[in-house]
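Here is a short tour of a protein fold, meant to be read with the structure open beside you. Take a look at the model, and then let's walk through it together.

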Amino acid sequence: SEATIRYTLDGSEPNSSSQIYKKPLIVTNSTIIVARAYLDGYKSSMISKMSYDFIDPDKNGINWNYYEGSFTVLPDLEKLQSVKSGEVFQFGLNEIELPKYNFGLTFNSFIKIEIDGEYEFSISSNDGSKLYVNNKLIVDNDGEHGPRQLSGSIYLYKGMHPISAEYFQSGGSKTLLVFYKSDKIPFQVIPGSVLFKSKE
């Protein structure tokens, strides 16, 4: 109870000169709050992080398509007949009803970039996956494997850019996560607020 809690609102790690938490915060925009406790004579605490992401269901979103089949590497899924489709707000599997094994997915969206610069994208999957930005293969994480994260970089100008992911599951556990970072953006799961169903 004697400790002082300091925090940041931009995703960076707080230090001994960061803002002091005195009363509940009102969050009205997409925000990453990072906090840490300090007490004289003790080491600072581990950080605590919470992301708040505000989306517009009419504009934000990712279109996905589901394909059935037994794969050991990613086929050209666009040439196959999708069995079902839908929308989610982040790249991932949690919001889609899926079997345990033998399927593929494609995800298509547009990412809004606010500042010109070099952006690093990472995709973590079990089994194989690929990530495309501006229709270019940025990360190739294909093949049967356990959880594995790979990264790639691309220079992006301010504006909307197509982003897509492909994924297949053969056996074992299943997972898919997509991250990004830049000089101005801390490493994080790509928030739904910067992903749009169309370029307009």
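## An open sheet

Four strands come together in an open sheet, running in the order E11-E8-E13-E14 with antiparallel pairing. Its edges are strand E11 (148-156) and strand E14 (188-189), each of which pairs on one side only. Please keep in mind that this is a predicted model.

Within this sheet, strand E8 (residues 117-126) pairs with E11 over 9 bridges, in the antiparallel sense. If you would like a landmark for that pairing, find Ser-125, which stands opposite Arg-148 in E11. As background, the strands of a sheet pair through backbone hydrogen bonds, and they can do so in a parallel or an antiparallel way.

## Strand E7 and its partners

Strand E7, covering residues 103-113, is a good place to pause. Of its 11 residues, 8 are buried, so the strand is mostly covered. Which strands does E7 pair with in the antiparallel sense? Strand E5 (residues 62-68) is one partner, joined to E7 over 6 bridges. Strand E12 (residues 159-169) is another, with 11 bridges to E7. Strand E15 (residues 195-196) also pairs with E7, over 2 bridges.

Each of these pairings has a residue pair you can look up. Trp-64 stands opposite Phe-107 in E7. Gly-104 has Phe-168 in E12 as its bridge partner, and Ile-111 faces Leu-195 in E15.

## The nonpolar cores

The largest nonpolar core is made up of 31 residues. Leu-105, Phe-107, Ile-111, Phe-121, Ile-163 and Ile-190 are the ones with the most contacts inside this core. At least two core residues come from each of E5, E7, E8, strand E9 (129-133), strand E10 (136-141), E11, E12 and strand E13 (175-181). Which strand supplies the largest share of this core? That is E7, with 5 residues.

Another core, of 5 residues, lies apart from the largest one, and its members include Phe-71, Leu-74, Leu-77 and Phe-168. You have already met Phe-168, as the bridge partner of Gly-104.

## Asp-116, between E7 and E8

Asp-116 sits in the loop between E7 and E8. With a relative accessible area of 41%, this residue is partly exposed. Which residues does Asp-116 contact, once neighbours within four places in sequence are left aside? They are Tyr-155, Leu-156, Tyr-157 and Lys-158.

Leu-156 is 40 residues away from Asp-116 along the chain, yet their C-alpha atoms are separated by 5.7 Å. For Lys-158, the detail to look for is its backbone nitrogen, which lies 2.6 Å from a polar atom of the Asp-116 side chain.

## Salt bridges

The structure holds 4 salt bridges. One of them joins the side chains of Glu-13 and Arg-36, at 3.5 Å from N to O. Glu-13 belongs to the loop between strand E1 (4-8) and strand E2 (19-20), while Arg-36 is in strand E3 (residues 31-38), so the pair ties together parts that are 23 residues apart in sequence. Glu-13 is exposed, with a relative accessible area of 51%, whereas Arg-36 is buried at 16%.

A further salt bridge brings together the side chains of Lys-197 and Glu-87, with an N to O distance of 3.4 Å. This pair links distant parts of the chain, as Lys-197 is in the segment after E15 and Glu-87 is in strand E6 (residues 84-88), 110 residues apart. Both partners count as partly exposed: Lys-197 at 22% relative accessibility and Glu-87 at 47%.

Lys-112 also takes part in a salt bridge, with Glu-114, and here the closest N and O atoms are 3.9 Å apart. Lys-112 is partly exposed, with a relative accessible area of 37%.

## Asp-142, a buried charge

Asp-142 has its place in the loop between E10 and E11. Why does Asp-142, though buried, have no salt bridge? The nearest side chain of opposite charge, Lys-130, is 4.1 Å away, and a salt bridge needs the nitrogen to be within 4 Å of a carboxyl oxygen, so this pair does not count.

Leaving aside neighbours within four places in sequence, Asp-142 is in contact with Val-73, Leu-74, Gly-128, Ser-129, Lys-130, Arg-148 and Phe-168. Among these, Leu-74 and Phe-168 also belong to the core of 5 residues, and Arg-148 is the residue opposite Ser-125.

Technical notes: Residues numbered from 1 in each chain as written. Predicted model: local features only at pLDDT ≥ 70, side-chain atom pairs only at ≥ 80, totals over all residues. Heavy atoms only, no water. Buried < 20%, exposed > 50% of the residue type's maximum accessible area, 1.4 Å probe, protein only. Pairing = 2+ DSSP bridges. Contact = heavy atoms within 4.5 Å. Polar contact = N/O pair within 3.5 Å; in protein donor to acceptor, adjacent residues only side chain to side chain. Core = buried A, V, L, I, M, F, W, Y, C linked by side-chain atoms within 4.5 Å. Lys, Arg positive; Asp, Glu negative; His and termini not counted.
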